[in-house]
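I opened the model today to look up how its strands pair, how its helices sit against them, and where its charged side chains meet. My entries follow in the order in which I looked things up.

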Amino acid sequence: NNTCTRDNWDHGKPQPDALRTRAGRFDAARVVFVGDTLDDVRTAVNAAGEDDSREYEGVGVLTGGLTGDEGRAAFEDAGATAVRDSVNELPAYLRRRA
């Protein structure tokens, strides 16, 4: 079963348990975790701090409650690898990072 929801874990974000487990199941060398909350970015940062066998990136997207310059600064302060204005920018970002 590849289902992964918050109900599958004792701890939610920003605890990295779910992200690290999924990365292991896919044998991923690099994980890009994208989200529109600070906890999304913190989850990737926490995973990187606990798992040095993989590269983890947290990418913030300014489409939720965080917007504009303040949202960008908040994501950066939380450790975001990148901040994008829209999910539509993600394919180009990921191609450049490949």
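**Sheet and crossover**

I began with the strands of this predicted model, and found that E1 and E2 pair in the parallel sense over six bridges. The chain gets from E1 to E2 by way of H2, and this β-α-β crossover is right-handed. As one example of the pairing, I noted that glycine 35 has glycine 60 in E2 as its bridge partner.

I then followed the pairing onward from E2, which runs parallel to E3 and is joined to it by three bridges. Here I wrote down valine 61, whose bridge partner in E3 is arginine 84. Taken together, the three strands make an open sheet in the order E1-E2-E3, with parallel pairing. E1 and strand E3 (82-84) stand at the edges with a single partner strand each, so each has one side without a neighbour in the sheet. From one strand to the next, the twist averages 25°.

**Helices against the sheet**

Which strands does H2 touch as it packs on the sheet? I found that H2 touches E1 and E2, and that its direction makes about 170° with that of E2. I looked at helix H3 (residues 68-77) in the same entry, and it lies across E1, E2 and E3, running at about 155° to E3.

**Glycine 58**

I picked glycine 58, which lies in strand E2, and asked whether it is buried or exposed. Its relative accessible area is 3%, and because the cut-off for a buried residue is under 20%, glycine 58 counts as buried. Leaving out residues up to four places away in sequence, I listed what glycine 58 touches: Phe33, Val41, Ala44, Ala80, Thr81 and Ala82. I also checked asparagine 46, which is twelve residues from glycine 58 in sequence, with 9.8 Å between the two C-alpha atoms.

**Two aspartates in loops**

Next I compared two loop residues, beginning with aspartate 51, which lies between helix H2 (38-50) and strand E2 (55-61). Its relative accessibility is 7%, so aspartate 51 counts as buried. Apart from neighbours within four places in sequence, aspartate 51 is in contact with Arg20 and Tyr56, and a polar contact of 2.6 Å joins its side chain to that of tyrosine 56.

Aspartate 27 sits in the loop between helix H1 (17-25) and strand E1 (30-35). With a relative accessibility of 65%, aspartate 27 counts as exposed. I made a separate note of its backbone, since most residues other than glycine have a negative phi. Aspartate 27 is not a glycine, yet it has a positive phi of about 50°.

**Salt bridges**

I closed with the charged pairs, keeping in mind that side chains of opposite charge can pair when their charged atoms come close. How many salt bridges does the structure hold? There are eight salt bridges, and I followed some of them residue by residue.

One of them joins glutamate 57 to arginine 30, with the closest N and O atoms 2.8 Å apart. Glutamate 57 belongs to strand E2 and arginine 30 to strand E1, so this pair ties together parts that are 27 residues apart in sequence. I recorded glutamate 57 as buried, with a relative accessible area of 1%, whereas arginine 30 is partly exposed at 29%.

Glutamate 57 also meets the side chain of arginine 97 in a salt bridge of 3.0 Å, N to O. This pair links distant parts of the chain, with arginine 97 in helix H4 (residues 90-97) and glutamate 57 in strand E2, 40 residues apart. Arginine 97 has a relative accessible area of 38% and is partly exposed. I therefore looked for a wider arrangement, and found Arg30, Glu55, Glu57 and Arg97 linked in a network of salt bridges.

The last pair I looked up was aspartate 39 with arginine 42, whose side chains meet in a salt bridge at 3.5 Å, N to O. The two are three residues apart in helix H2, so about one helical turn separates them. Both ends are partly exposed, aspartate 39 with a relative accessible area of 28% and arginine 42 with 35%.

Note on methods. Residues are numbered from 1 along each chain as its sequence is written. This is a predicted model: local features need pLDDT of at least 70, side-chain atom pairs count only at pLDDT 80 or more; totals for chains, interfaces and linings use all residues. Side-chain values use heavy atoms; hydrogens and water are left out. Helices (H or I, at least four residues) and strands (E, at least two) are DSSP runs, numbered from the N terminus. Buried means under 20% relative accessible area, exposed over 50%, partly exposed in between (1.4 Å probe, protein chains only). A polar contact is a pair of N or O atoms within 3.5 Å; within protein, one must be able to donate a hydrogen and the other to accept it, and residues adjacent in sequence count only if both atoms are side-chain atoms. Contact means heavy atoms within 4.5 Å. Two strands pair if DSSP finds at least two bridges between them. A crossover is right-handed if, with the strands pointing away from the viewer, the path from the first strand over the helix to the second runs clockwise. Axes are lines fitted to C-alpha atoms, for helices over the stretch in contact, and angles run from 0 to 180 degrees between N-to-C directions. A salt bridge is a side-chain nitrogen of Lys or Arg within 4 Å of a carboxyl oxygen of Asp or Glu.
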